[in-house]
Amino acid sequence: MRQSIFSAISISSLLLIFFMFGYDSAKWYGGFFTLLYHINMFMPFILGGLGIVSALLGIKGYRLVLVVLHLFLQLLFFCIYLKVFYGS
């Protein structure tokens, strides 16, 4: 039972990070993601860390898939943040 809760937390944080990657602030759902960015600029990394930890504690068959997806999104956000901070 506990493992399924951790997997659900990991999946929900994965979806949140995925939608934060391509949200449009002009749409009806943009206010929520703008709020997340205003709370902390590094919120995708915080949610990603939470998702990876909960994926490692989750259901055994989904662990690898969830961790790889979280790491992929973390890498995308890291590349974007490097581009924004240092430009090129």
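How many aromatic pairs does the structure hold? The count is eight aromatic pairs, and keep in mind that this is a predicted model. The legends below start with the whole chain and then move to the close-ups.

**Figure 1. The whole chain is built from four helices and zero strands.**
Reading from the N terminus, the elements go α-α-α-α. Along the principal axes, the C-alpha atoms fill a box of roughly 40 × 30 × 20 Å. There are 88 residues in the protein chain, and 28% of them are buried. Take the contacts between residues at least 6 apart in sequence: 67% of these join residues at least 24 apart. The accessible surface adds up to about 6000 Å², with 76% of that belonging to carbon and sulfur atoms.

**Figure 2. Phenylalanine 21 and phenylalanine 77 pair up edge-to-face.**
Here the ring centres sit 5.7 Å apart, with 80° between the planes. Phenylalanine 21 belongs to helix α1 (residues 2-21) and phenylalanine 77 to helix α4 (residues 63-86), so this pair ties together parts that are 56 residues apart in sequence. Are the two partners buried or exposed? Phenylalanine 77 is buried, at a relative accessible area of 4%. Phenylalanine 21 is partly exposed, at 38%.

**Figure 3. Tyrosine 81 and phenylalanine 85 make another edge-to-face pair.**
The numbers for this one are 6.0 Å centre to centre and 75° between the planes. Both residues lie in helix α4, four residues apart, which is about one turn of the helix. Tyrosine 81 has 11% relative accessibility, and since that is under the 20% cut-off, tyrosine 81 counts as buried. Phenylalanine 85 comes in at 43% and counts as partly exposed.

**Figure 4. Six aromatic residues named here belong to one cluster: Phe21, Phe42, Phe45, Phe77, Tyr81 and Phe85.**
Both pairs from the earlier views show up again in this one: Phe21 with Phe77, and Tyr81 with Phe85. Phe42 and Phe45 are also members of the cluster.

**Figure 5. The largest nonpolar core has 13 residues.**
Which members touch the most other members? They are Ile17, Met20, Leu36, Met43, Leu47 and Phe77. Each of the helices α1, α2 (30-39), α3 (43-56) and α4 supplies at least two residues of this core. Helix α4 gives the largest share, five residues. As a general rule, nonpolar side chains in soluble globular proteins tend to be buried together. For a look at one member, pick methionine 43: leaving aside neighbours within four places in sequence, methionine 43 is in contact with Met20 and Leu36. Phe77 is worth spotting too, as this core residue is also in the aromatic cluster.

**Figure 6. A nonpolar patch of about 1000 Å² lies on the surface.**
Which residues make this patch? The list runs Phe21, Met41, Phe42, Leu75, Phe78, Ile80, Leu82, Val84, Phe85 and Tyr86. Again α4 provides the largest share, here seven residues. Phenylalanine 21, by contrast, is found in helix α1. Why can phenylalanine 21 be part of a surface patch? Patch residues need over 30% relative accessible area, and phenylalanine 21 has 38%, so it counts as partly exposed. Phe21, Phe42 and Phe85 belong to the patch and to the aromatic cluster as well.

Terms used:
Residues numbered from 1 in each chain as written. Predicted model: local features only at pLDDT ≥ 70, side-chain atom pairs only at ≥ 80, totals over all residues. Heavy atoms only, no water. Phe/Tyr/Trp six-rings, centres within 6.5 Å; stacked < 30°, edge-to-face > 60°. Buried < 20%, exposed > 50% of the residue type's maximum accessible area, 1.4 Å probe, protein only. Contact = heavy atoms within 4.5 Å. Areas by Shrake-Rupley, 256 points an atom, 1.4 Å probe, with all protein chains shown as cover. Core = buried A, V, L, I, M, F, W, Y, C linked by side-chain atoms within 4.5 Å. Patch = residues over 30% accessible without salt bridge, like charges linked within 9 Å, V, L, I, M, F, W, Y side chains within 5 Å. Salt bridge = Lys/Arg side-chain N within 4 Å of Asp/Glu carboxyl O.
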